[in-house]
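User: I've got a model open and I'd like to talk through its charged side chains and a couple of backbone oddities. Can you take me through them?

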Amino acid sequence: MDELTMQEVCSWFEANKDKSIMIKKEDQEDIDQIEINVHDVGLMSFSDTLDAYLSPKAIVLRGSGSIETNDGEKQRLPEDSYEIPFDGNFHGIQNEKRMEIQTDRASYMITTQ
């Protein structure tokens, strides 16, 4: 996998606005599947936080969607947004219809419908 910049990841989401996007997030044994119709893409910085759980930066996807967890429960995305946190380096590959991202905490398989 290549090293992607946050701007390249944001640009991919910008290019796929108003399309149905599927995100499969694997975090240790936990797998979530997110479906979102992205209307807006932004960056957030948490550099001043004392919370060790929060990553220093996140890409925020705003739009309507749902999340399905390991137990099969499907629910609406809270606040119609989804965050992809980044801490340190991340790697990935992307093309027009698909993007894979590997962070220190999780891996993401992202596709357009």
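User: How many salt bridges does the count come to?

Analyst: Keep in mind that this is a predicted model. A pair goes in when a side-chain nitrogen of Lys or Arg lies within 4 Å of a carboxyl oxygen of Asp or Glu. By this rule the count comes to four.

User: Which residue meets Lys24 in a salt bridge?

Analyst: We want an acidic partner here, since the rule pairs a nitrogen of Lys or Arg with a carboxyl oxygen of Asp or Glu. The N to O distance for this pair is 3.7 Å, and the cut-off is within 4 Å. The partner is Glu26.

User: Are Lys24 and Glu26 buried, exposed or partly exposed?

Analyst: Buried means under 20% and exposed means over 50%, with partly exposed in between. Lys24 has a relative accessibility of 33%, and Glu26 has a relative accessible area of 34%. Both values fall in between, so the label for Lys24 and for Glu26 is partly exposed.

User: What is the N to O distance between Arg76 and Asp80?

Analyst: Arg76 is exposed, at 59% relative accessible area, while Asp80 is partly exposed at 26%. Their side chains meet in a salt bridge. The N to O distance is 2.8 Å.

User: Asp80 is not a glycine, so what is its phi, and where is Asp80 found?

Analyst: Asp80 sits in the loop between β5 (74-76) and β6 (81-86). Its phi is positive although Asp80 is not a glycine. The value is about 50°.

User: Where is Asp18, and is Asp18 buried or exposed?

Analyst: Asp18 also has a positive phi, near 60°, in a residue other than glycine. You'll find Asp18 in the loop between α1 (6-15) and β2 (20-27). The relative accessible area of Asp18 is 54%, and the cut-off for exposed is over 50%, so Asp18 is exposed.

User: How far apart are the closest N and O atoms of Glu100 and Arg98?

Analyst: Glu100 forms a salt bridge with Arg98, and the rule asks for a nitrogen to carboxyl oxygen distance within 4 Å. For this pair, the closest N and O atoms are apart by 2.3 Å.

User: And which of Glu100 and Arg98 counts as buried?

Analyst: The cut-off for buried is under 20% relative accessible area. Arg98 comes out at 37%, so Arg98 counts as partly exposed. At 15% relative accessibility, the buried residue is Glu100.

Notes
Residues are numbered from 1 along each chain as its sequence is written. This is a predicted model: local features need pLDDT of at least 70, side-chain atom pairs count only at pLDDT 80 or more; totals for chains, interfaces and linings use all residues. Side-chain values use heavy atoms; hydrogens and water are left out. Buried means under 20% relative accessible area, exposed over 50%, partly exposed in between (1.4 Å probe, protein chains only). Helices (H or I, at least four residues) and strands (E, at least two) are DSSP runs, numbered from the N terminus.
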